[in-house]
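Trainee: I'd like to learn how to read a structure, feature by feature. Could you walk me through one?

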Amino acid sequence: MAGSSHGHTPAAWTGVTIAFIGFLVAGAFMVMAQPVGFWAGMVIVVLGGVVGALMRAAGLGQPKDAHPVHKVTATAKPEPVAAEG
């Protein structure tokens, strides 16, 4: 993943940060046995995904065609390897 710049965009960082905060909130309220706070934290988690998607739509994410290395062509056939002598 490191070679493909996976997730190194403002949209990804923002979405994951918001979701992480939501998990922290939900976990804290789960330990305190407060269901309303737990569900509020889960709403924050979902909000992180929505914010990340909106930021990507606004052009702050990685474009889908950013890595042509991962594209597979249907017509490409491997060539036989010639022996050197």
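Trainee: Let's start with one residue: in which helix is Ala12 found?

Mentor: Ala12 belongs to helix H1, which covers residues 10–31. Keep in mind that we are looking at a predicted model.

Trainee: How many helices and how many strands are there in the protein chain?

Mentor: Count 2 helices and 0 strands. The other helix to know is H2, residues 35–60.

Trainee: Back to Ala12, then. Is Ala12 buried, partly exposed or exposed?

Mentor: For this you read the relative accessible area: under 20% is buried, over 50% is exposed, and partly exposed is in between. Ala12 has 24% relative accessibility, so it counts as partly exposed.

Trainee: And how far apart are Ala12 and Gly61 in sequence and in space?

Mentor: Here you put two distances side by side. Along the sequence, Ala12 and Gly61 are 49 residues apart, while their C-alpha atoms are 6.9 Å apart in space. Look at Thr9 as well, in the segment before H1. Leaving aside its neighbours within four places in sequence, Thr9 is in contact with Leu60, Gly61 and Gln62. Thr9 counts as buried, because its relative accessibility is 11%.

Trainee: Which other residue pairs can I check that way?

Mentor: Try Thr17, which lies in H1, and Val45, one of the buried residues in H2. They are 28 residues apart along the chain, and 9.4 Å separates their C-alpha atoms. Thr17 itself is partly exposed, at 39% relative accessibility. Another pair is Met42 and Phe23: 19 residues apart in sequence, with 6.9 Å between C-alpha atoms. Met42 lies in H2 and is partly exposed, with a relative accessible area of 25%.

Trainee: What share of the contacts in the protein chain between residues at least 6 apart in sequence join residues at least 24 apart?

Mentor: That share is 60%.

Trainee: Which residues of H2 are buried?

Mentor: To answer that, walk along the helix and pick out residues with little accessible area. In H2 you get Gly37, Gly41, Val45, Gly48, Gly52 and Met55. These buried residues pack against H1. Over the whole protein chain of 85 residues, buried ones make up 15%.

Trainee: What span should H2 have, and how far apart are its end C-alpha atoms?

Mentor: The trick is to work out an expected span, then compare. You take 1.5 Å times one less than the number of residues. With its 26 residues, H2 should span 38 Å; the end C-alpha atoms are 35 Å apart, so the two agree.

Trainee: Now the outside. Which residues make the nonpolar surface patch?

Mentor: Look for nonpolar side chains that sit together on the surface. Here Val46, Leu47, Val50 and Leu54 make a patch of about 370 Å². Take Val50, which lies in H2: its relative accessible area is 40%, so Val50 is partly exposed. As for the whole protein chain, about 6,800 Å² is exposed, and carbon and sulfur atoms supply 72% of that.

Trainee: How many aromatic pairs does the structure hold?

Mentor: There is 1 aromatic pair. Its rings belong to Phe38 and Trp39, with centres 4.9 Å apart and planes at 75°, so the pair is edge-to-face. The cut-off behind that name is an angle over 60 degrees between the planes. Phe38 is partly exposed at 22% relative accessibility, whereas Trp39 is exposed, with a relative accessible area of 55%.

Trainee: One last feature: what is the phi of Ala33?

Mentor: First the general idea: most residues other than glycine have a negative phi. Now the case here: Ala33 is not a glycine, yet its phi is positive, about 60°. You'll find Ala33 in the loop between H1 and H2. Ala33 has 58% relative accessibility, so it counts as exposed.

Terms used
Residues are numbered from 1 along each chain as its sequence is written. This is a predicted model: local features need pLDDT of at least 70, side-chain atom pairs count only at pLDDT 80 or more; totals for chains, interfaces and linings use all residues. Side-chain values use heavy atoms; hydrogens and water are left out. Patches are made of residues with over 30% relative accessible area and no salt bridge: like charges are joined within 9 Å, nonpolar side chains (Val, Leu, Ile, Met, Phe, Trp, Tyr) within 5 Å. Accessible areas come from the Shrake-Rupley method with a 1.4 Å probe; for residues, only the protein chains shown count as cover. A salt bridge is a side-chain nitrogen of Lys or Arg within 4 Å of a carboxyl oxygen of Asp or Glu. Helices (H or I, at least four residues) and strands (E, at least two) are DSSP runs, numbered from the N terminus. Buried means under 20% relative accessible area, exposed over 50%, partly exposed in between (1.4 Å probe, protein chains only). Contact means heavy atoms within 4.5 Å. Rings of Phe, Tyr and Trp (its six-membered ring) pair if their centres lie within 6.5 Å; planes under 30 degrees apart count as stacked, over 60 as edge-to-face and the rest as tilted.
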